[in-house]
Amino acid sequence: MPMLIIMGGLAGLMLAPSTALATLPASLQTLAGLLAAAPFSLLMGRRGRKTGFATGVVCAVVGAFLGVWALHIGSFILLCIAHLALGAALACYQYFRFAAAETVSAEWQPVAISLMLTSGLIAAFVGPQVFITAKDALAPIPLAGAYAALAGLSIIGLIPLLLTKLPAPTNGTPQSLKQRFASLSILKRKPVRLAVGLGAVSQGIMVFLMVPTPLAMIGCGFSETVAGDVIRWHVVAMFAPSFFTGFLIKRFDVHPIALIGLALLIVSSIAALSGLTSFHFYGSLVLLGIGWNFGFISATTMLANSVKEDEKALVQGANDTLIALVSTLCAFAAGAIIAGFGWAVLAAVSFGLLMVASAVFVKETRAIS
């Protein structure tokens, strides 16, 4: 993911017919994640996790080589298609957290989910370094080597996947479209609804505040280097707590940790609202990362504990689709608000949304208890 964040913008800027379209590959990548989440979950439910993840690897390799080809012939349209395939692969890889939970007993599920997400911390440091090392490997075509490196990483990732023992498929019998829509009534169950809502709020608010942060900082006179450093520490804060978040959930239960996550997100929005110094930006984005971690891992744990084996494929697909939809809407809304009203209004809106979400979470939790 860190490599794609870098490459999508730079390659788009190189090939786009207009600078206004430079972010289109990255936008289409997000859209592909929204469209691919449910189909991948249903595929895994019928054919197993290994088949689903292997299909994701195929999407990544195809997308990476299309990226190389697009840069070679200078085709912006082909670059967009490449990022559609790469976005689908990213959506597939999101299911690793559920696969990890399925390989252990219920007691250890939050720990498995949490430790799985530490991969994001590794990616935050390794991804940019791989990009720097590989980007000129296919010179004189700029960036093509980085796309080829993505294909290599994906193929290497197949090796441990093939050696891993994963549970058998949960849904052997195909369902009609009518049956699938009827099955979505599972989302009306309070524990499931609470888990999906918490995941959507945690991810949505994180995107809402993170995406416009560099723009806000540059608008306040900070350099691109400082803005990039704030994002770097935000990513570290997102994934570093994963080493212990699962153990905290195991020790204190999931709902208190989820509530702490929401509280940290609220404090993050307050810090963003309090000032425009580097201290405020660093503090806000670090708290945002930790709050996301607590909330997202808690939501995943709650969902894993709230559905039966034969319900997992459908519910997990619906969950990740809704989260991707909320994230996409928040990203577009954040851009509009920061351009039209400024950082303070953005922070105030996030504070208001979080207060409402926290009140609903507490009420629903009490009802379940």
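Which helix gives the largest share of the nonpolar patch? Hold that thought for a moment.

First, some ground rules. This is a predicted model, where local features need pLDDT of at least 70 and side-chain atom pairs count only at pLDDT 80 or more, while totals for chains, interfaces and linings use all residues. Residues are numbered from 1 along each chain as its sequence is written, and side-chain values use heavy atoms, leaving out hydrogens and water.

Okay, the patch. The answer is helix 13, residues 242–252, with three residues; helices here are DSSP runs of H or I, at least four residues, numbered from the N terminus. The patch on the surface is formed by Val104, Trp108, Leu115, Phe243, Phe244 and Phe247, together about 550 Å² of accessible area. To join a patch, a residue needs over 30% relative accessible area and no salt bridge (Lys or Arg side-chain nitrogen within 4 Å of an Asp or Glu carboxyl oxygen), and nonpolar side chains are joined within 5 Å. Areas are Shrake-Rupley with a 1.4 Å probe. Phe247 sits in helix 13 and is partly exposed at 41%, meaning between the buried limit, under 20%, and the exposed one, over 50%.

Now, inside. The largest nonpolar core, buried nonpolar residues joined through side-chain atoms within 4.5 Å, has 66 residues, and Trp343 and Leu346 have the most contacts inside it. Helix 10, residues 190–210, gives this core its largest share, 11 residues. There's also a second, separate core of 31 residues, including Leu28 and Ile141.

Last one: helix 15, residues 278–306. Of its 29 residues, 21 are buried, so helix 15 is largely enclosed by the rest of the structure.

Conventions:
Buried < 20%, exposed > 50% of the residue type's maximum accessible area, 1.4 Å probe, protein only. Helix = DSSP H or I, 4+ residues; strand = E, 2+ residues; numbered from the N terminus. Patch = residues over 30% accessible without salt bridge, like charges linked within 9 Å, V, L, I, M, F, W, Y side chains within 5 Å. Expected span 1.5 Å × (residues − 1).
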